[in-house]
Amino acid sequence: MAQIFDQNRIFFAEDPELRVLGSVEKLAQWRHYNRGPAFIRIERRIAYLGTDLNAYLNAQRVDPNGEAA
């Protein structure tokens with residue numbers, strides 16, 4: 001399982017590291033449609049746990065040959 005994001009960190013929607021997933025607007029659209037990684041709402045701020053971001057990215061993995069373990 002790939003560990004792109006620091007497992008022990010909380011990322012906020014405006015953090016530049018989240019550009020891997022898309023723009024701030026794209027993340028807001030995903031939240032509106034209940035898509036994308038799990039998030040935490042802290043009043044008006046949105047936060048993502050590093051563990052949730054890594055889990056989301058690993059769930060998006062596609063192996064076209066079906067050979068990777």
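Contact here means that heavy atoms lie within 4.5 Å of each other. The exercises below use this idea and a few related ones, and they concern a predicted model.

**Exercise 1. Determine whether Asn-54 is buried or exposed, and find which residues it contacts.**

Solution. Begin with the position in the chain: Asn-54 lies in helix 2, which covers residues 50-59. Next, consider its surface: the relative accessible area of Asn-54 is 1%, and because buried means under 20%, this residue counts as buried. Then look for its partners, leaving aside neighbours within four places in sequence: Asn-54 is in contact with Ala-2, Gln-3, Ile-4, Phe-5 and Gln-7. Finally, examine one of these partners in more detail: a polar atom of the Asn-54 side chain lies 3.0 Å from the backbone nitrogen of Ile-4.

**Exercise 2. Find which residues are joined into one network by salt bridges that share partners.**

Solution. Start from a general idea: side chains of opposite charge can pair when their charged atoms come close. The cut-off needed here is 4 Å between a side-chain nitrogen of Lys or Arg and a carboxyl oxygen of Asp or Glu, and by this rule the count comes to three salt bridges. Take Arg-9 with Asp-15, where the closest N and O atoms are 3.4 Å apart, so that the pair forms a salt bridge. Now take Arg-9 with Glu-17, whose side chains meet in a salt bridge at 3.1 Å, N to O. Since Arg-9 appears in both pairs, the shared partner joins Arg-9, Asp-15 and Glu-17 into one network. As for accessibility, Asp-15 counts as buried at 14%, whereas Arg-9 is partly exposed with a relative accessible area of 29%, and Glu-17 is likewise partly exposed, with 34%.

**Exercise 3. Describe the salt bridge between Arg-45 and Glu-14, and say where its two residues lie in the chain.**

Solution. First take the distance: the side chains of Arg-45 and Glu-14 meet in a salt bridge at 2.4 Å, N to O. Then locate the two residues: Arg-45 belongs to strand 3 (residues 45-49), while Glu-14 sits in the loop between strand 1 (10-12) and helix 1 (24-32). With their positions 31 residues apart, the pair links distant parts of the chain. Last, check the surface: Arg-45 is partly exposed, with a relative accessible area of 40%, and Glu-14 is partly exposed as well, with 46%.

**Exercise 4. Arg-31 is buried yet has no salt bridge; find which side chain makes a polar contact with its side chain.**

Solution. Locate the residue first: Arg-31 is found in helix 1. The nearest side chain of opposite charge, that of Glu-14, is 8.1 Å away, and because a salt bridge needs a distance within 4 Å, Arg-31 has none. Its side chain does, however, make a polar contact with the side chain of Tyr-48, at 2.8 Å. Leaving aside neighbours within four places in sequence, Arg-31 is in contact with Ala-13, Phe-39, Ile-46 and Tyr-48.

**Exercise 5. Asn-34 and Glu-43 are not glycines; give the sign of phi for each and the loop that holds it.**

Solution. Asn-34 has a positive phi of about 55°, and it is found in the loop between helix 1 and strand 2 (40-42). Glu-43 also has a positive phi of about 55°, and it lies in the loop between strand 2 and strand 3. Turning to the surface, Asn-34 counts as exposed at 72% relative accessibility, and Glu-43 counts as exposed at 74%.

Definitions and conventions:
Residues are numbered from 1 along each chain as its sequence is written. This is a predicted model: local features need pLDDT of at least 70, side-chain atom pairs count only at pLDDT 80 or more; totals for chains, interfaces and linings use all residues. Side-chain values use heavy atoms; hydrogens and water are left out. Buried means under 20% relative accessible area, exposed over 50%, partly exposed in between (1.4 Å probe, protein chains only). Helices (H or I, at least four residues) and strands (E, at least two) are DSSP runs, numbered from the N terminus. Lys and Arg count as positive and Asp and Glu as negative; His and the chain ends are not counted. A polar contact is a pair of N or O atoms within 3.5 Å; within protein, one must be able to donate a hydrogen and the other to accept it, and residues adjacent in sequence count only if both atoms are side-chain atoms.
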